[in-house]
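Subject: Structure for your review

Dear colleague,

Please find the structure below, followed by a summary of what was found in it. I would be grateful if you could read the notes alongside the coordinates.

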Amino acid sequence: MNKVLLFGLLLATQLLLAQPKATTSGTAVKGLPVASAQKSISAERSNRIDRLLQEYVEKGWIAGATAIVIKDGAIVYHKGFGFSDLRTKEKIRTDHIFRIASQTKAITSVGIMILFEEGKLLLDDPLSKYIPAFAKTQVLDQFNEKDSTYTTKPANKPITIRHLLTHTSGIGYPQIGSKTYQAIAMKAGLSAMLGLPNRILAEEVEKLATLPLEHQPGEKFLYGLNSDVLGRVIEVVSQLSLADFLRTRIFEPLGMKDTWFYLPPDKQHRLVAIHGADSLGRAVPMEPTLTLNGIEIDGDY
């Protein structure tokens with residue numbers, strides 16, 4: 001985490017300090033020109049980005065990376081380093097496509113705000129208005145570690161759209177949340193990855209509604225499956241699948257032609273492989289499939 005933060009800070013600093021003396025390291029991206037030599041960034045600053053990213057690859061902290069810098073609407077830096085797949089040693093290209101994982105949460109939140117702006121929902125609407133299964137939400141009271149049984153108490157207020165947007169609903173996170181919530185979710189057969197190809201969002205959210213909250217709604221921040229529930233709210237309000245709503249209302253209008261839940265066949269060869277980390281924190285290939293809390297996950301999907 002510190003390495004990632006350091007990289008972000010260093011890269012931002014180099015952009016801010018860039019001097020007008022030029023270097024040409026940009027490659028074309030559809031819709032964006034490559035900056036002229038007079039408007040590019042300095043060779044010194046460009047080389048510092050090179051060295052930083054190359055160091056991350058050589059020390060095994062990452063398998064590969066691409067970086068792009070845009071100045072005054074033109075590309076001044078665009079390069080790839082390392083590999084797209086450590087299993088095949090395929091060199092990474094600047095047109096490779098990366099998974100954005102939980103950054104999808106931000107896009108889903110934009111979708112909710114579009115519907116809010118159109119007057120189709122209010123931020124303080126109760127969640128049960130759109131998903132009735134949350135009408136009688138319970139909060140965890142006592143938990144027995146020996147057999148994962150638990151007792152509950154009624155929620156003192158309804159979950160609202162605002163609670164979901166701010167991760168204050170009390171909904172936890174299977175696999176990566178508290179040990180208690182992991183155990184409860186595992187027993188219910190609920191995965192943190194609601195978007196797996198063989199799972200239906202509507203069905204998984206209904207299942208989630210039967211689990212107790214970890215705290216009273218609005219009581220505190222807790223990172224959980226809030227955005228997944230918001231995705232289902234989008235489906236209910238818009239009468240579109242979440243994938244279709246985001247594609248037609250956000251991705252296509254913004255020209256985000258390489259952003260999909262599941263890439264079409266003609267783009268799949270550009271998808272960067274998933275990598276994990278060994279005991280020393282070095283990037284290693286992820287197995288084609290793995291089992292997480294009893295749930296099999298395809299590493300190539």
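A surface patch is made of residues with over 30% relative accessible area and no salt bridge, and nonpolar side chains are joined within 5 Å. Please bear in mind that this is a predicted model.

Nonpolar patch

Met113, Phe116 and Leu122 together form a nonpolar patch of about 260 Å² on the surface. Of these residues, Leu122 is located in the loop that lies between helix H3 (104-117) and strand E4 (138-144). Leu122 has a relative accessibility of 52% and therefore counts as exposed, since the term applies over 50%.

The sheet and its helix

Three strands form an open sheet in the order E1-E2-E3, and their pairing is antiparallel. The edges are taken by strand E1 (64-71) and strand E3 (90-91); each has a single partner strand, so one side of each has no neighbour in the sheet.

Strand E2 covers residues 74-85 and is joined to E1 by eight bridges, the two strands running antiparallel. Two facing pairs may help you to follow this register in the model: Ala65 is opposite Phe81 in E2, and Val69 is opposite Tyr77 in E2. The hairpin of E1 and E2 has two residues between the strands, and in this hairpin Asp72 adopts a positive phi near 50 degrees.

Helix H2, comprising residues 43-58, lies across both E1 and E2. With respect to E2, helix H2 runs at about 15 degrees.

Backbone points to inspect

Two further residues deserve a separate entry for their phi values. Lys89 is not a glycine, yet it has a positive phi of about 60 degrees. Lys89 belongs to the loop between E2 and E3. Its relative accessible area is 49%, so Lys89 is classed as partly exposed; the exposed class applies over 50%.

Gln239 likewise is not a glycine and has a positive phi of about 60 degrees. This residue sits in the loop that connects helix H7 (226-238) with helix H8 (242-251). Is Gln239 buried or exposed? With a relative accessibility of 66%, Gln239 counts as exposed.

Yours sincerely,

A colleague

Note on methods. Residues numbered from 1 in each chain as written. Predicted model: local features only at pLDDT ≥ 70, side-chain atom pairs only at ≥ 80, totals over all residues. Heavy atoms only, no water. Patch = residues over 30% accessible without salt bridge, like charges linked within 9 Å, V, L, I, M, F, W, Y side chains within 5 Å. Areas by Shrake-Rupley, 256 points an atom, 1.4 Å probe, with all protein chains shown as cover. Salt bridge = Lys/Arg side-chain N within 4 Å of Asp/Glu carboxyl O. Helix = DSSP H or I, 4+ residues; strand = E, 2+ residues; numbered from the N terminus. Buried < 20%, exposed > 50% of the residue type's maximum accessible area, 1.4 Å probe, protein only. Pairing = 2+ DSSP bridges. Contact = heavy atoms within 4.5 Å. Axes fitted to C-alpha atoms, helices over the stretch in contact; angles between N-to-C directions.
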